[in-house]
Amino acid sequence: MGRCMCPPGEGLRARSKPRSAVSGLQGAVPRRAPAFLRAPVTGALFCAALALPWTQPAAAQVVASRAHKAAATQNGKMFVEADQLVYDKDKNTVSAEGNARIYYQGKVLEADRIVYDRNSGRVYAQGHAKLSKPDGTTIYGDRFDLTKDLADGFVESLRANTAEQTYFSSPRAEIIASTTEVYEKGTYTACAVCADNPLKPPLWRVRAKRIVHKSEEKMIYYTDAWLEFVGVPVLWVPFFSSPDPTVTRKSGVLTPQYLDLSYAGPGVALPIFWAMAPNYDLTFTPSYFFNQGFFGSLQWRHELANGQYFIRATGIDEEDPGAFPDSPYGAGNQRLRGSLESAGEFSLDSFWKLGWDGTLLSDKFYLGDYRVANQSLAGNYISEAISTAYLVGQGDQGYFDLRGYHFEGLTANDLESQQPNVASLDYNKLFDVDPAKTEGVGGNVQLDFNFTSFNAAQASYQAVGATNLDSAYGLYDVCTTYTPGTTNANCLLRGIGGDYSRATADVSWQRKFVDPIGEVWTPFVFSRLNGQWLDLNTTDSSTFSSASGTSVISNAPQTNFVTSGTDGYAMPGGGFEYRYPILANTPVGSWVFEPIGQIIARPNNLLGSESLVNMDSQSLVFDTTNLFSWDKYSGYDRFETGTRANYGGEATWNFQNGGYANVTAGQSRQVAGTNSFATPDAANVGLSSGLDTPASDYVASFTLVPGPVLSFEAQGRFDQATLSPRRVDLDTNVNLGAWTGSVQFADYQAQPLIGYYVTREGLALSSKYQLNPNYFVQGNVTFDMSRQYYPPALIGYTNPGAFPIAALGAEVGYMNDCTTLTVSYSSVYQDYGSGGLQRNQTLLVELQLRTLGDIKYSQTADNGQSLDGIK
């Protein structure tokens, strides 16, 4: 094979007779050239014939690797190699024949035959011809007609593959200055050619009279274009453009979206995106709803060296506000509606982060009415927007968290005056104690500090037993009566109206000892200091009136539950924990059995006084996860008293295939002193918890993971006298490859003393089946089995049976290398007050064409309305 590197200068004069590869290159190579360089005309002569303006010293070199040659040509040198190099004196052409290649400025031209016409200065390539560009694009063609620098020219029967797996084709295309390709009667797609049938049309492609790809602009322009699916034209546009496949963000008009909302009606949105700089952009989305008029959305995003943030504003001046439900079930006649949202986080250094996430709303129904994307938390029956700002520090053995919260309820049942503003400070630090410096004490000391401050304008109450709703709208719990000091109060105080602040400091020490036979002894001591300040607002009230009646929620009855003032207490304690892990190996695996015992001694009562306010410890679930906790309350407002023993055991079986099974069970017993769980606070927390009797309920959990196919978890609490289940959670997951599924079941016994007056039951099923690598179906259904126990007056209709659907979802989809198509439907019941649980339906169709854009269609129906064709 002839090889050469073309040096600078005017080139070498061609001779009429064949000569060796070193002809005209004095001293460049030995007088007799190696065999692979012998040819009728030298490769050097081909290069010389091009007479390119080189900038490097003259030399002829043999290059060993293609990568080396391609890299070297970046410096302005050209390499040519072929089985045979021929000069035709009559036609004044130089031909490279057989595996011919030209390397120049990162480009590689390959063909069975490459001809340079010295008269026209053109390079022609034919037979398995292709041009590889530095950006990874490969252009194939039946024939190339290029300038001698390979920068301009024409290609017949072109097929181009980019590095981003996109594809162009054209019967005739033009290359301009290496930066622009013009495809006459061209096509573009991101779908790969079918390997089994290359003639089969791709799933989608754009076929246009002309396609222009400008790589410097990173844009593709289409004229007189059709969008085809499996070869069938479905959409025509006279002109449009799209970013080329290398672009991740590009200014321009994004894909329009079609919406259909319950009260706003059908509408169209046209997002406009400005990539103003590599690190910030602006998106303006004007929308028009046929029933309500113009709706606007503006979003700013900014990324800095140490973090990022965004600001989004949306709003509308409604043309028909009367279409929405009247207050308090909806926004009523409010015309100007909108939202302002921002979130961001910045790293101050390797330990500290500062951030925020906030939402301001014109009204609590706005986000749901217009389906505005936001940071709010939502569920089937409860929805709220939580705004927060925080400063967080994280070290190797320390943690600092300072943050503030503002809550805004988003349903008709929520009173904004009852939503609290909260500020909190948490600090935790772990200290290792060196035994050598502490007379052998060792172990570790942990410091935990919390300060929390609440403020709300209106108290929040809940009835014990059946819900006591207002007579005006049937939305708000108006129960306010209470018999102090009793455990069968008529009402609970869920949230105070006024100001409440508390500071709590916990200090603890523990050390683990292992004796010669493997028993593990862990002694520990701790102390809590707690201070509380409460200033009740006893004057404010809310009155609700309608034709149905009048009801009042007043702050004054708070004094039946708690009183303003300052309280504080200290609570020291100590104890030890015992464990004895017993290990055994068997032919089918290994197992570990571990009996566990724990004794915790505290004074019989708090050393000081405690307010009965409970704002952060209202969630109390007794199970195996907190069986051996020193304090089983979830927050700082409550703390255990007296002496308590926790005992049980744990057994784990590890299978040889990597699976395992685990069983944990135990009980807790109040040995001496006051049982804090039997002492009611303003929310009755502790009662009906399974811990409020001298001997607690039994708790147990079981986990089975025999392999990657199946996992099963069960958690339960059982009556200490009859072993009847009081709380059961079951969770099963199955993975059979193409098919995955899960089943979740929960059954909680009624706890009327803490506001749950009926049994709570639920069943959730979900599944996904991958029909093949491209098609899938999935669905989920949730049954609110508790509703069969509700009184009909609450839910607005007769008993729905054992399996009423609370949420239903289904989705079918197709996905491949270039296309994603999904069709999904969801139906969720939401609480709208006296109207009961009403249906919220959504139908969403989304088509994503990789590199080209996406198309969305969304239709919703709320408050008992039905989607067209869906009942």
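**Note on strands, disulfides and ring pairs in the model**

1. Strand 42 and strand 43 make a hairpin, with four residues between them. This is a predicted model. The two strands of the hairpin, strand 42 and strand 43 (residues 710-718), run antiparallel and pair over seven bridges. Within that pairing, valine 699 has arginine 717 of strand 43 as its bridge partner.

2. Strand 42 also pairs with strand 40 (residues 660-672), again in the antiparallel sense and over seven bridges. Here valine 663 has phenylalanine 702, in strand 42, as its bridge partner.

3. The side chains of strand 42 (residues 698-705) alternate between two faces. Val699, Ser701, Thr703 and Val705 point to one face and are buried. Tyr698, Ala700, Phe702 and Leu704 point to the other face and are not buried.

4. The structure contains two disulfides. One of them joins cysteine 191 to cysteine 818, with an S to S distance of 2.0 Å. The pair links distant parts of the chain, 627 residues apart: cysteine 191 is in the loop between strand 10 (180-189) and strand 11, and cysteine 818 is in the loop between strand 48 (805-815) and strand 49 (819-831). Cysteine 191 and cysteine 818 are both buried. The torsion about their S-S bond is about 85°, so this disulfide is right-handed.

5. Cysteine 479 and cysteine 491 form a disulfide with sulfur atoms 1.4 Å apart. The torsion about the S-S bond is about -75°, so the disulfide of cysteine 479 and cysteine 491 is left-handed. Cysteine 479 lies in the loop between strand 28 (460-463) and strand 29 (491-495), while cysteine 491 lies in strand 29, so the pair ties together parts 12 residues apart in sequence. Cysteine 479 is buried at 5% relative accessible area, and cysteine 491 is buried at 0%. A further cysteine, cysteine 194, is partly exposed, with a relative accessible area of 28%.

6. A search of the whole structure gives 34 aromatic pairs. Among them is the stacked pair of tyrosine 221 and phenylalanine 239, at 6.3 Å centre to centre and 20° between the planes. Tyrosine 221 is in strand 12 (residues 219-229) and phenylalanine 239 in strand 13 (residues 232-243), 18 residues apart. Both rings belong to partly exposed residues: tyrosine 221 has a relative accessible area of 22%, and phenylalanine 239 has 49%.

7. Tyrosine 258 and tyrosine 857 have ring centres 5.1 Å apart and planes at 10°, so they too count as a stacked pair. Tyrosine 258 lies in strand 15 (residues 257-261) and tyrosine 857 in strand 51 (residues 853-861), so the pair ties together parts that are 599 residues apart in sequence. Tyrosine 258 is partly exposed at 31% relative accessibility; tyrosine 857 is partly exposed at 26%.

8. Phe168, Tyr183, Tyr188, Trp204, Tyr222 and Phe240 are linked into a cluster by ring pairs. Charged ends also sit over rings: that of lysine 429 is 5.9 Å from the ring centre of phenylalanine 431, and that of arginine 760 is 3.8 Å from the ring centre of tyrosine 756.

9. Serine 215 is in the loop between strand 11 (204-214) and strand 12 and is partly exposed at 22% relative accessibility. Leaving aside residues up to four places away in sequence, serine 215 touches Ser178, Thr179 and Asp244. The side chain of serine 215 reaches the backbone oxygen of threonine 179 at 2.8 Å. Glutamate 181 is 34 residues from serine 215 in sequence, with the two C-alpha atoms 8.4 Å apart.

Terms used:
Residues are numbered from 1 along each chain as its sequence is written. This is a predicted model: local features need pLDDT of at least 70, side-chain atom pairs count only at pLDDT 80 or more; totals for chains, interfaces and linings use all residues. Side-chain values use heavy atoms; hydrogens and water are left out. Rings of Phe, Tyr and Trp (its six-membered ring) pair if their centres lie within 6.5 Å; planes under 30 degrees apart count as stacked, over 60 as edge-to-face and the rest as tilted. Buried means under 20% relative accessible area, exposed over 50%, partly exposed in between (1.4 Å probe, protein chains only). A charge sits over a ring if NZ of Lys or CZ of Arg is within 6 Å of the ring centre and within 35 degrees of the ring normal. Contact means heavy atoms within 4.5 Å. A polar contact is a pair of N or O atoms within 3.5 Å; within protein, one must be able to donate a hydrogen and the other to accept it, and residues adjacent in sequence count only if both atoms are side-chain atoms. Two strands pair if DSSP finds at least two bridges between them. A disulfide is a pair of cysteine sulfur atoms within 2.5 Å.
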